[in-house]
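Hello,

Here is the structure I promised to pass on to you. Have a look at it first, and then read on for what turned up in it.

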Amino acid sequence: MLTEKYVYHGIDITLDVYEKIRAAVEIIAEKEGISFDECFVEFAKSRTYRNIQLIETMMWAESAEYIVDDYYREIEGR
């Protein structure tokens, strides 16, 4: 179990970070026609996933759709 907390200006945003990851993975899994678990494994390898967890990128504050778009831009650029 992850025990790291994400804090922005003294406010615990851990749930926000996890919720954005969950929402983005659900959208991608549906688009790709794969299971959530399978999609999460692939998503967790991405720069986008890492950036959501970096507080200073502010990606955690973006919409799930924006995160999905960023993920697809990333994989298209590979």
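Let's start with His-9, which sits in the loop between β1 (7-8) and β2. Before going further, please keep in mind that this is a predicted model. His-9 has a relative accessible area of 66%, so it is exposed. Its backbone also deserves a look: the phi of His-9 is positive, near 50°, in a residue other than glycine. As background, most residues other than glycine have a negative phi.

Met-58 has a positive phi as well, near 65°, and it too is a residue other than glycine. You will find Met-58 in the loop between α3 and α4. With a relative accessible area of 30%, Met-58 is partly exposed. A positive phi also turns up at Gly-33, near 70°, and this glycine follows α1.

**Helix α1**

Now to α1. Its 19 residues should span 27 Å at 1.5 Å a residue, and the end C-alpha atoms are 27 Å apart, so the expected and actual values agree. Which residues of α1 are buried? They are Thr-14, Val-17, Ile-21, Ala-23, Ala-24, Val-25, Ile-28 and Ala-29. These buried residues pack against β2 (11-12), α2, α3 (47-53) and α4 (64-76).

Thr-14 belongs to helix α1. Its relative accessible area is 12%, and because buried means under 20%, Thr-14 counts as buried. Leaving aside residues up to four places away in sequence, Thr-14 touches Glu-4, Lys-5 and Tyr-6.

**How α1 meets α2 and α4**

Two packed helices are described by the angle between their axes and the distance between the axes. For α1 and α2, the axes come within 9 Å and cross at roughly 110°. The two helices are therefore roughly perpendicular to each other, and α1 passes α2 in a right-handed crossing. On the α1 side, the residues that take part are Ile-21, Arg-22, Ala-24, Val-25, Glu-26, Ile-28 and Ala-29, and they meet Phe-36, Cys-39, Phe-40 and Phe-43 in α2. Sorted by class, this contact holds nine nonpolar, no polar and two charged residues.

What about α1 and α4? Their axes come within 9 Å and cross at roughly 60°. These helices are therefore oblique to each other, and α1 passes α4 in a right-handed crossing. From α1, Lys-20, Ala-23, Ala-24, Ile-27, Ile-28, Lys-31 and Glu-32 meet Ala-64, Glu-65, Ile-67, Val-68, Tyr-71 and Tyr-72 in α4. By class, the contact of α1 with α4 has nine nonpolar, no polar and four charged residues.

**Between α1 and α2**

If you follow the chain out of α1, you come to Ile-34, in the loop between α1 (14-32) and α2 (36-43). Is Ile-34 buried or exposed? Its relative accessibility is 30%, so Ile-34 counts as partly exposed. Not counting residues up to four places away in sequence, Ile-34 touches Ala-29 and Cys-39. Ala-29 and Cys-39 also appear in the contact of α1 with α2. Ile-34 and Ile-11 are 23 residues apart in sequence, and their C-alpha atoms are 35 Å apart in space.

**Helix α4 and its link to α3**

In α4, 13 residues should span 18 Å at 1.5 Å a residue, and the end C-alpha atoms are 18 Å apart, so this helix agrees with its expected span. The buried residues of α4 are Ala-64, Ile-67, Val-68, Asp-70, Tyr-71, Tyr-72 and Glu-74. What covers them includes α1, α2 and α3.

Asp-70 and Glu-74, both buried in α4, are touched by Arg-47, again not counting residues up to four places away in sequence. Arg-47 lies in helix α3, and its relative accessibility of 32% means that it counts as partly exposed. Along the chain, Arg-47 and Glu-74 are 27 residues apart, while their C-alpha atoms are separated by 7.6 Å.

Enjoy exploring it, and write back with any questions.

Best wishes

Definitions and conventions: Residues are numbered from 1 along each chain as its sequence is written. This is a predicted model: local features need pLDDT of at least 70, side-chain atom pairs count only at pLDDT 80 or more; totals for chains, interfaces and linings use all residues. Side-chain values use heavy atoms; hydrogens and water are left out. Helices (H or I, at least four residues) and strands (E, at least two) are DSSP runs, numbered from the N terminus. Buried means under 20% relative accessible area, exposed over 50%, partly exposed in between (1.4 Å probe, protein chains only). Contact means heavy atoms within 4.5 Å. Axes are lines fitted to C-alpha atoms, for helices over the stretch in contact, and angles run from 0 to 180 degrees between N-to-C directions. Angles under 35 degrees count as roughly parallel, over 145 as roughly antiparallel, 65 to 115 as roughly perpendicular and the rest as oblique. A crossing is left-handed if the near helix is turned anticlockwise from the far one by less than a right angle, and right-handed if clockwise. Ala, Val, Leu, Ile, Met, Phe, Trp, Tyr, Cys and Pro count as nonpolar, Asp, Glu, Lys and Arg as charged, and the others, Gly among them, as polar. The expected span of a helix is 1.5 Å times one less than its number of residues.
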